[in-house]
Every structure is written in C-alpha cells, then in structure tokens.
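Subject: Structure handover

Hello,

Here is the structure for your files, with the sequence alongside. My notes on it follow below.

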Amino acid sequence: MNVAFLIVMGIYLAAMMVVGILDVRRAGSFEEYAVAGKRQGTLTVCMTLLATMLGASTTIGITDTVYDIGFPGIWWLLFGAVGLLLQAVFLSERVRAIGADTLPHLAGITVGKAASVLLAVLISISWIGVVAGQLVAMHSLVTFATGSSSKVLMVILSVVVILYTTLGGQLSVVKTDKLQLILILLGVILCFAYLYGSTDGALSDAASRVELLNESYGVGNLFTQFFVIGGVFFLGPDIMSRNFLSKDGKTAKRGAWISGTVLIVFAFLITMIGIWAKLNLSPEELAGQKTLMVVAGILPKWIGIILSLGLLSAILSSTDTCIINAATIFTRDILGKKNVTWIRGAVLVIGGLATVIAVCGSGNIINILTGAYSIYAPGVIFPMLIAILVYKKREVRKGIWLTAVALGGCFGLAATFLSDWLGSIGVPEGVVSHLSLIGMGVSLVIALSSVRWKKPERE
C-alpha cells in the first residue's frame, strides 16, 4: 500500500499545484485573492466550509480522543455543529450585510481601528499554532505512508500546500476544497461501512459503549468545550471567512445550516470508528501511532488508500484556509495593505514558521489546537458577538471593549502556558482547569459594560 499511496499522493499534490498555477492571473486583485470575489453560491460555500472544518482535529484527533476517553469524544464535533447552527440563526446574515473582508476588519467597522489591530495580532499569533497542529497530523500520515518517520517528506508536503496557497489564494483554496471534501467524506464512509459491515455484532457492541459523560469527561469539560470549541465554530476567523466569500447573507445562512447538519452526521461516523478501534485494537497494536492511521492499515488496500487520501485532504483543506486567512489578516489589518504581493509574502512567512514549529515538536493534535483556541475564544467570541449585535443600534466605548478582549486573551494565555506554574503557587485546581471559561465570562461582562445601553436624550 505504501508505494501505491505515495504514487497516488504525488499525482494528487501535482493536481493541487496545477490549480494554484492556473489561478495566478485570476487572483490578481485583493478581492479575488483574499475573498474569492465575494460571489460564491450555496453549494460552494457548504463544500468549502465543511472542508475547512474537517481537518486534523476532527478526523485523526477525534479518533485518538475517543480511543482515550470513549464516546464523549464526540462532543468536540457536536459543539462545533451547535456553534455553526447558532451562527446561522444569529450571525450569518448580519455579518455578510456589513461587508467585511476579515474578522478583524469586521471589528474595525463595528468598534474601531484599534479593535481591528488587536484582533489581528491575537489571531495571527494563535493561528500559527493552529497551522502547526495540522502539520503535526501530516507527519503522522507521512509516517504511515512511508513506514518511517520522515520529516523531510513532511516538509515537502508543507511546501506544496504553502506554494499552491501562495499562488492562487482563496480562489485556489475554494476549488481544491471541493475535491478534498469528496475524498474526506468518501474515505470515512467507506471505513465506517467496512468496520461495522464485516463483523457480526460490531455495531451492537459499539452501541453498548455509548455514554455522554464518564470519569474521563465530566460536566466541567462539557461547559469548557461548549464555549471554547463551539465558540470558535460560531465566530472563528476561518469559519467566518466562508461567510465573507459568499454572494449574499441568505447564501451564508444556508451554508451554515447545511454544514452544521452534515457535521452532526460526520461526528457520529468518526466517533464510531474510534469506538471500533477502542474495542478491537490494543495499546500494543497502536504502538504510539495515531489511531485512525492504524485503522487505515488494516482496511482492504483500496479503502485504505481512499481513507488516507481523505485524511491528507482533511489536513490540507484546513491548513490552506488557516494560512491564507492568517496572512490576509496580518497584511490587511496589521500592516494596512490590500496588496496581493504582500499577502503572498505573509503566506510564505506564516507557513514557514508553522512548518518549523511542527518539525521541532510533536504531540496530541487535539491538545495543540485546543491550546490555540483557548487563547482566541476567551478574548474574542463574546466581545465580537456583542459588537455585531449592537452595530448601528448602540455606541460601544472602545477602551472598555478593548479591555474585554485583552483580559479574556490573558486568561486564555494563562490557561495554555501557565497552568502548571499557577498550580504550584497554590491556585486551586478547579480555577486553573477552567481559566478559559472564566476568561470568557470576564470578557462577556466587560464587553456588555462597554455598550451605552441608554440612548442620549434629545434636547
């Protein structure tokens, strides 16, 4: 399978490069390169939104988590779906009507320039970690495909995704997302059908393991993931970028509704694959490898290749979106330049930094991405939601609003990098383990206080 997969992968990556090369001239303007012309229809929005969401964390990461903690691992994706459905109800049409290009640009319109810069800095830094998490997953895939840990091949793959993203921007990302989504869904569906269709009683055995909470995943985890993970799907820069490229608000809303519904079905399929592995594979059989990669290795050869291509697609489809969005945000909202050449340079720099981080480190994909999200969510979700909802209705006092973002982000940073130190100086474990959630509460209260709820009296 290794040789066959590498050949197919080579052809696949060459096709991605061709798409980027063909889009170089078409992506000559800022609007074409950064937001795909803002003219995409419902089918395209749904496909690129799903491809963006179905990355390393929602495939390889979820099956690892389910193998470790059981069925409650499904909550990551279910909360993502809930966040997306809530976006369709409360935000999709409102946001698209404002006409922003990026999430920090949206903050600039609704609050002010300082808000735009602050969010842009927070997102640019956090999303380098998000991209690195995707590339760590790519290393696992490369290890499976070659039979050895090849960081050189991982770097080559990273260079390919960075290059086609650099060449064609969002135009190329939207096109490649369509093929990538088809491969992701096909691979997971075939894998699920084979695992549960080839063994008598497999589905009933797995059903007996269905539980929403257990010793490894309690109510505290439930609340934290609802706000942190659900919040990123509700109002994250990559998810909202698909809103910005839609042709109108109704299209954005339909895209969110359909994608959220599909995500619920996908959550069940990928979680049940993880449950099958938990029931049938010992820790010795995994031998430190990613669960889904081991599963791919025991499938019939042709299904294994399709699943592996689907996993590669999941990684690439999220990675290219994260890179182009972070680069656009850095260039447009920090440097103040709506220039394609500058964005291409930022793609190379951000992609390069993420590659270095991925090569130098390794680890649990869910932990890496949760760490990045834990910085973003406490600082941004509630302040931005309030700013959008009161836009053109009430005045927002900028200084107080910026304080909400900064303090929320600080709680997220503490949760990600200082938890051990805080525990060592006597901060209660219950506080340390919920710092991100506390940060979201703090940012919510302060952001609410930034709004002048009482309209000034007319003389």
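**Surface patch**

On the surface of this predicted model, V82, L86, V89, F90, W257 and I258 make up a nonpolar patch, and their accessible area together is about 490 Å². Two helices, α5 (75-90) and α13 (249-280), each contribute at least two residues to the patch. The most comes from α5, which gives 4 residues.

W257 is the patch member I looked at individually. This residue sits in helix α13. Its relative accessibility is 38%, so W257 counts as partly exposed; the class lies between the limits of 20% for buried and 50% for exposed.

**Internal cavities**

Turning to the interior, the count is 3 cavities of 30 Å³ or more. I have details for the second largest cavity, which has a volume of about 100 Å³. Its lining consists of 13 residues, and D101, T102, S241, F244 and N325 are the ones that lie nearest the centre. The elements that supply two or more residues to this lining are α2 (30-35), α12 (237-244) and α16 (301-334).

What is the make-up of the lining of the second largest cavity in nonpolar, polar and charged residues? The lining divides into 7 nonpolar residues, 5 polar and 1 charged.

To recap the two sites: the nonpolar patch draws at least two residues from each of α5 and α13, while α2, α12 and α16 each give two or more residues to the lining of the second largest cavity.

Regards

Methods. Residues numbered from 1 in each chain as written. Predicted model: local features only at pLDDT ≥ 70, side-chain atom pairs only at ≥ 80, totals over all residues. Heavy atoms only, no water. 1 Å grid on protein atoms, 1.4 Å probe; cavity = no way out; pocket = protein on both sides within 12 Å on 5 of 7 lines; lining within 4 Å. Points joined across faces, edges and corners; volume = space filled by probe spheres on them. Nonpolar A, V, L, I, M, F, W, Y, C, P; charged D, E, K, R; others polar. Patch = residues over 30% accessible without salt bridge, like charges linked within 9 Å, V, L, I, M, F, W, Y side chains within 5 Å. Areas by Shrake-Rupley, 256 points an atom, 1.4 Å probe, with all protein chains shown as cover. Salt bridge = Lys/Arg side-chain N within 4 Å of Asp/Glu carboxyl O. Buried < 20%, exposed > 50% of the residue type's maximum accessible area, 1.4 Å probe, protein only.
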